[in-house]
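Thanks, everyone. I would like to walk you through one model this morning, beginning with how its chains meet and ending with a few backbone details.

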Protein chains: 4
Amino acid sequence: MPGSSYGECFKVTTFGESHGEAVGVIVDGVTPGIEIDESYIQVQMDRRKPGQSSVTTPRKEYDEIHIMSGMFEGKTTGTPLFIVLYNKDMKPSAYDDIKDAFRPGHADYTYLQKYGIRDHRGSGRASGRETAGRVAAGAVARKLLEHRGVQVVAYTKAIGGIQCETYDESIIEKNPVRACDPVAAEKMVQKIEHLASIGDSCGGIVECRIRGLKPGIGEPVFDKLDAELAKAMLSIGAVKGIEFGAGFAAAEMQGSEHNDPMDRNGFKSNNAGGIIGGISTGDEIVFRIAVKPTSSISVPQQTINVKGEEQEIVTIGRHDPCICPRVVPVVEAMACIVLEDQLKRQAALHDRGFAFESEFE
Amino acid sequence: MPGSSYGECFKVTTFGESHGEAVGVIVDGVTPGIEIDESYIQVQMDRRKPGQSSVTTPRKEYDEIHIMSGMFEGKTTGTPLFIVLYNKDMKPSAYDDIKDAFRPGHADYTYLQKYGIRDHRGSGRASGRETAGRVAAGAVARKLLEHRGVQVVAYTKAIGGIQCETYDESIIEKNPVRACDPVAAEKMVQKIEHLASIGDSCGGIVECRIRGLKPGIGEPVFDKLDAELAKAMLSIGAVKGIEFGAGFAAAEMQGSEHNDPMDRNGFKSNNAGGIIGGISTGDEIVFRIAVKPTSSISVPQQTINVKGEEQEIVTIGRHDPCICPRVVPVVEAMACIVLEDQLKRQAALHDRGFAFESEFE
Amino acid sequence: MPGSSYGECFKVTTFGESHGEAVGVIVDGVTPGIEIDESYIQVQMDRRKPGQSSVTTPRKEYDEIHIMSGMFEGKTTGTPLFIVLYNKDMKPSAYDDIKDAFRPGHADYTYLQKYGIRDHRGSGRASGRETAGRVAAGAVARKLLEHRGVQVVAYTKAIGGIQCETYDESIIEKNPVRACDPVAAEKMVQKIEHLASIGDSCGGIVECRIRGLKPGIGEPVFDKLDAELAKAMLSIGAVKGIEFGAGFAAAEMQGSEHNDPMDRNGFKSNNAGGIIGGISTGDEIVFRIAVKPTSSISVPQQTINVKGEEQEIVTIGRHDPCICPRVVPVVEAMACIVLEDQLKRQAALHDRGFAFESEFE
Amino acid sequence: MPGSSYGECFKVTTFGESHGEAVGVIVDGVTPGIEIDESYIQVQMDRRKPGQSSVTTPRKEYDEIHIMSGMFEGKTTGTPLFIVLYNKDMKPSAYDDIKDAFRPGHADYTYLQKYGIRDHRGSGRASGRETAGRVAAGAVARKLLEHRGVQVVAYTKAIGGIQCETYDESIIEKNPVRACDPVAAEKMVQKIEHLASIGDSCGGIVECRIRGLKPGIGEPVFDKLDAELAKAMLSIGAVKGIEFGAGFAAAEMQGSEHNDPMDRNGFKSNNAGGIIGGISTGDEIVFRIAVKPTSSISVPQQTINVKGEEQEIVTIGRHDPCICPRVVPVVEAMACIVLEDQLKRQAALHDRGFAFESEFE
């Protein structure tokens, strides 16, 4: 019930604080007999890690993973995978002067209200660093999804008001903001660099597409596929909204426009975003999330301290002026985790005892 | 794991199909010793029931509830509340001609893909009728929240492109679309009536405000308060998006604009929408959802049947041309359920054994 | 989290009090497309119902079930089955004089301590009547297990010190105590009738055998098959202990005796009771439970009332002098529920996406 | 759903194999603001660790714990505690010759059947070594229980047929078998040493007493306190049975004997073992578990290999000839975890919003 776990059949539990000894994850319910190596997971870690470009935080973490259980001779055994990343470049003392004050936009105040105690160093558990464990678990899910022909790709759609006008998937990993439009990408980098120079930050839109998922996946009533994806995305720190398919635009549409007609080749449009009644249609799943501007800025802001006294605060430390490029792999990771969980739930529902034959016997 | 339950400490499980014998809910984890009567719950049922105005479906269900367990001498006993509504005005035969064809926008195709079988009568389990059980459970949660001073109010913010320009809470329940602006409300009714006359439908925006919730409520990491609210809202059939506080507009803001400064009186703005780091700030919680246009329209649409043959389809039956007015009480119900669950989880977290003294002894 | 639900993939939630309007169950996660009719379930209900013989309570309940959802044209749809039994022969006034006193052996005192309020009529939720919902759910699980070739049979092994010396499965349902030895059965009936005549009661041992379960079923570490069966059995009101295979006798054995050797035909003995490391071996699963004597006796006993005053109490009402015969179908039902849940969990674990092909497409 | 987690409000997830890099645990839902240090936990680890006396395995593990998250300045923060023990004295090659054969009594065969792959080194995940994580988590729970005045003590009651005749709690930790009777303890040591010398092993009985638990704790219906304790105990590798209070002896008692009468001072006997209707009575909770003889023996046994060929096997490696002394701290740990979880669940049930006041504000 405490909130550090996600999933029913494919279960992910993270631990760790920004400036503690380590962060990591236990992944339980991993299909046994699957070949996976650390380098496969490391690829995803490297996409999330800090310091990867001029537009990300200069904190230097190599985010090197260690798998400590659940593997035998290069294959998963079906027992919990434990994956750890030791923190290296910690500077807890950098947070000394914000120990007693609440940074606007940060979870400082709410954590203290919730727990009556807080680890103020680098936002503790509320730090984006917690997502490292998710990305590791997401890489495991991604490997399992490969066996089902499912692909998940996310990218930056907009930053600080600059929209991508074209869609070129091949360039996403080739520009530092992970945008799908090279022209927009360049403008975005300039905008971020400018904001960084004046100590400010900006938000953006990240879009995600899921392909190859067969129709029929998702658990009505409360655990609908879109409901679970929404939960998973809103569980990422800076995310303030989500929409599927036509999304908020649907609010201004008429039924005759919004309904997706079918012919023998499938759906003729995809306003639904690939999910109807909480279940996949077999069409591409498309959703977008709103990412707020990074809370850590060096522009002076008004706040109070733990004694309730008013004061000005300037957030120093090492931060991303725009978190979108590093949110992209987290979005993909969470989507992979949700999908793998729902696929396993579907398998459970339909099992009549014929699904698995042990290799032995 | 199957998806018909929501909640950890305050647990809601619904059952029932649109044209089956009954729909209803089991609510487990209800605080014992609370006075509640059927009329308190019935008030909420009446807000959701069909046939309440010219802009809703003419299906005639009185949605009269029966509490069959968990009560003793007018008080909750702490054992499961079972609340049932017998279906009365069923016309399953009205669905005979869509038995083998997939209505665009409906879950017909996806249910068949998921289960390999479907109850086609009035959308079966995918019908909005399932939400009757949620509204009953939500009323129980609302009663418990009253003991904590928490209020939840939702209303229509926009319909078919017509926006509310003013906010007058007192008129919400006095207009058939449950809008917060009387002028807009009138235009909305006209628009809906027009669309109904041509067999079409429209979508809208519903907004929800939560007041009186103390700071510190919400479970990091995966079960953040906004993540749970997002899941709960997206689990409502026609909802295609959600945003908190500034929401999607945050994507175009800078940190210095979006961050909510604090002074000794609290937060000076509420771009966060009352939740930071997944935990309540104590400020008003505000979110909006996008509601798609009703899928059931009598405009001819192209589709296929269960044999994969193309055909035209006209959805007859009794439907709401715009579902927003009836979504409003469902949104409130789900918000109440989420809040009660999170409050109980907070109580569990902090318990050191001094919380409860039995009245006996 | 409240305790009225069991199961992860095959989820059972019961409701109802002894002298409320109804008792029943929601079963979620039922494999779709399975033919099942009410009469199949009714057979199991009739084995549990009161008043079935001279050795059971004279309360007259026909325990007629109604399936109100989750079925379509005689087949399960995969949506929640809701099964209700309306209470008929209620005599709540019969409990008026024990309203304020705690019956020894009953949950009167503990319920009041837990909830601060109690429905004293016929033990309310703590009544054996709650198990009616379990038996209905168990019958559904039993039908699913039939598709896998799994059989579950329980029977009375001992009552009041009288042990079964022989094992004849064919006579179990042919004697009122459901013993496996006809000679012992007769003595048991005499003993029960004698105790009933003097207002006393007795306990016994119920044994359960599970056949046809393939090896490999059970979830290490905490959700071992024997751990789940133990939980399920101890969740039955009067059960005070459980042992698997050699059970408590194993405490006096040496490893060379207790270990079950294998040859090419399988295990050569079954001291393990069919479960090793929490996982089925493929051999017969065997466990025994200790059933305490019925708490309701008309022999005067010393107790206190809600004011803490000492008094004598005589439990009147309609009771079983020995609960074993009616526990037998409950044991089978709970075993079926546990097995179906674990089988579905195994299917989820191994799913690589090839398990289910929709009939459509 | 995969089985490596226990608990709803106080949630424990273990990972690790016997001869992998590390074993450990994530504990989520820990009350914040509690002082706890590693040495407090280490005390319990030392009671479970191998090599502590002549009657335990000579494997040399110091079982030194590291807390890597969830602590700040000596206090719990309410975020997940992550506790790891790196394995030191691994000898995986010692298991080379049993790589392809199934040791009788071990989970070798069942793990292969379940997963289709197995880590054969020292039983992998099925090893008693997994319980190290449980003992660490149990120590955290024990600290929280101290705040409530709850004590949990377990001890060896019988080994290889030798029964404790007296009960002296003060000597339990002063004899290598953790028996409660010094005379019996000496005989037990002799018996174990004799069996070790001939390569055989023996079982025993461990008893547990819980004091100071207020009445009213436990969750009807399925999650009864005794049901949860039964599950927790049967989830320990070698445990084959459990009984509460009079236990199996209750099967031969009459109601007038078994029922515990009350007077103004409380219960006058404790046949119930401190739990009625699945809820604590406030009296001492007493249960006993049956521990099977250690499966690893060097007496030759008949078995088959992975090809199905018959062969003889002699289990070498480093093992405990009787596991009871080391099971004692595991029993206590699991009992502590169950109790803390149930206490938190009770707090959640009763919360009306007055339980916690943040230290800030």
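Let me begin with the interface between chains A and B: 100% of the interface residues of chain A are also interface residues in chain B, so the two copies meet through the same surface. Contact here means that the C-beta atoms of two residues, placed from the backbone, lie within 7 Å.

Before going further, I should say that this is a predicted model, in which local features need pLDDT of at least 70 and side-chain atom pairs count only at pLDDT 80 or more, while totals for chains, interfaces and linings use all residues. Residues are numbered from 1 along each chain as its sequence is written, and chains are lettered from A and ligands numbered from 1 in the order in which they are written.

On that footing, 90 residues of chain A are in contact with 91 residues of chain B. The largest share of chain A's side, six residues, is supplied by helix H5 (residues 225-234) of chain A, where helices (H or I, at least four residues) and strands (E, at least two) are DSSP runs numbered from the N terminus. That side of chain A divides into 38 nonpolar, 32 polar and 20 charged residues, taking Ala, Val, Leu, Ile, Met, Phe, Trp, Tyr, Cys and Pro as nonpolar, Asp, Glu, Lys and Arg as charged, and the others, Gly among them, as polar.

How are chains A and B related in space? A rotation of 180° with 0.0 Å of shift along its axis superposes chain A on chain B, with an RMSD of 0.0 Å, and that is the relation of a two-fold axis. In chain A, the C-alpha nearest this axis belongs to Lys231(A), at 2.4 Å. The superposition is by least squares on the C-alpha atoms of residues with pLDDT of at least 70 in both copies.

Strand E11 (residues 239-244) of chain A also pairs with strand E11 (residues 239-244) of chain B, in the antiparallel sense and over three bridges, pairing requiring that DSSP find at least two bridges between the strands. Within this pairing, Gly241(A) stands opposite Glu243(B).

Now to the backbone. Most residues other than glycine have a negative phi, and most peptide bonds are trans. Pro220(A) and Val221(A), however, are joined by a cis peptide bond with omega about 10°, and Val221(A) sits in the loop between strand E10 (204-211) and H5 of chain A. Asp63(C), in turn, has a positive phi of about 50°, and lies in the loop between helix H1 (38-48) and strand E4 (66-69) of chain C.
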